[in-house]
Amino acid sequence: MSAEVAPLRRKPVQQRSTQRVEKMLESCAQLIDELGYEGVTTTLIAERAGVAVGSLYQFFPDKRAVVQELTRRNLNRFVEAIGERFATAELANWWDAVDTVIDVYITMHRDVPAFSRLHFGDVVDLRLLDESKDNNAVIADKLVALLGERFPLDGEQLLLPLSVAVEAADAVLNLAFRRDPAGDPQLVAETKELVRGYLSNRMPDDQPNDMPSPR
């Protein structure tokens with residue numbers, strides 16, 4: 001699954017161009033970690049990547065577009081990581097899948113350059129991933145599709161409660177990372193319990209809801 005934006009002015013065709021674009025994105029991520037989004041400029045990105053700023057503009061119209069492409073790729077990475085976990089892990093029930101999603105998010109927050117600053121783009125634009133809906137709505141859509149592939153769940157019925165769960169989890173996990181750069185373990189556990197408890201009352205009757213506490 002790919003995100004709904006296409007911020008690149010043109011797609012690199014040759015391997016050399018592809019490597020140059022990748023270097024620009026890596027450099028942008030490094031600079032965001034160091035300076036924050038507001039401190040980054042296209043000139044700084046080009047200098048860090050070792051390319052002329054004109055070369056950057058061949059592919060991206062501005063800084064926002066570079067960050068947009070970086071965020072789009074992070075979303076794809078998030079979805080792919082969840083899909084891989086779903087395919088290989090023993091998920092006895094839907095709440096195991098919920099825990100897996102949160103665990104993947106925590107791992108990316110810790111390990112992926114600039115993710116802790118950008119998340120899925122809200123610091124830049126609430127509709128960075130799709131002009132027609134906010135970023136968390138895009139995430140909810142992706143999760144509905146993933147859960148629908150793994151469990152016998154109605155996507156239309158699941159979309160609203162999962163959208164609410166994403167918003168709630170986002171808020172509490174932000175608090176967890178404000179308290180601890182690695183994610184406060186107690187607040188991560190509270191996030192899982194919050195989401196599990198809420199969704200258990202929104203799941204179809206044929207889905208179990210007697211899940212154990214993650215704390």
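**Figure 1. The lining of the largest pocket, sorted by residue class.** In this predicted model, the lining of the largest pocket has 16 nonpolar, three polar and two charged residues. Nonpolar here means Ala, Val, Leu, Ile, Met, Phe, Trp, Tyr, Cys and Pro; charged means Asp, Glu, Lys and Arg; the others, Gly among them, are polar. The lining is made of 21 residues. V101, I139, L143, V166 and A169 lie nearest the pocket's centre. Elements that give two or more residues to this lining are α5, α7 (135–150), α8 (155–179) and α9 (185–200). The largest share, seven residues, comes from α8. The pocket holds about 340 Å³ of space.

How pockets are found: the search runs on a 1 Å grid over the protein atoms alone. A pocket is an open set of points where a 1.4 Å probe fits, with protein on both sides within 12 Å along at least five of seven lines. Lining residues have an atom within 4 Å of a point. Points are joined across faces, edges and corners, and the volume is the space filled by probe spheres set on them. Helices are DSSP runs (H or I, at least four residues), numbered from the N terminus.

Two notes apply to every view. Residues are numbered from 1 along each chain as its sequence is written, and side-chain values use heavy atoms, with hydrogens and water left out. Because the model is predicted, local features need pLDDT of at least 70 and side-chain atom pairs count only at pLDDT 80 or more, while totals for chains, interfaces and linings use all residues.

**Figure 2. Helix α5, one of the elements lining the largest pocket.** Helix α5 covers residues 94–111. How far apart are its end C-alpha atoms? They are 26 Å apart. That agrees with the expected span of 26 Å for 18 residues, which is 1.5 Å times one less than the number of residues. Of those 18 residues, 13 are buried, so α5 is largely enclosed by the rest of the structure. Buried means under 20% relative accessible area, exposed means over 50%, and partly exposed is in between (1.4 Å probe, protein chains only).

**Figure 3. L91 and D96, a loop residue and a helix residue in contact.** L91 sits in the loop between α4 (63–88) and α5. Is L91 buried or exposed? L91 is buried, at 9% relative accessible area. Contact means heavy atoms within 4.5 Å. Beyond its neighbours within four places in sequence, L91 touches F86, D96, A97, T100, R150 and F151. F151 is 60 residues away from L91 in sequence, yet their C-alpha atoms are 9.7 Å apart. D96 lies in helix α5. D96 is partly exposed, at 23%. Leaving out neighbours within four places, D96 is in contact with E90 and L91. D96 and F86 are 10 residues apart in sequence, and their C-alpha atoms are 9.4 Å apart.

**Figure 4. A salt-bridge network of E22, E69, R72 and R73.** Side chains of opposite charge can pair when their charged atoms come close. A salt bridge here is a side-chain nitrogen of Lys or Arg within 4 Å of a carboxyl oxygen of Asp or Glu. The whole structure has eight of them. E22 and R73 form one, at 2.2 Å from N to O. E22 is in helix α1 (residues 15–35) and R73 in helix α4, so this pair ties together parts 51 residues apart in sequence. E22 is partly exposed at 30%, and R73 is partly exposed at 25%. E69 and R72 form another salt bridge, at 2.8 Å. Both lie in helix α4, three residues apart, about one turn of the helix. E69 is buried at 1%, and R72 is buried at 18%.

**Figure 5. The salt bridge between D125 and R64.** The side chains meet at 2.7 Å, N to O. D125 lies in the loop between α6 (115–118) and α7, and R64 lies in helix α4, so the pair ties together parts 61 residues apart in sequence. D125 is partly exposed at 27%. R64 is partly exposed at 29%.

**Figure 6. The second largest pocket, with E22 and R73 in its lining.** This pocket holds about 180 Å³ of space. Its lining is E22, L25, E26, A29, L70, R73, N74, R77, V112 and P113. Helices α1 and α4 each supply at least two of these residues. By class, the lining has five nonpolar, one polar and four charged residues. E22 and R73 also meet in a salt bridge.
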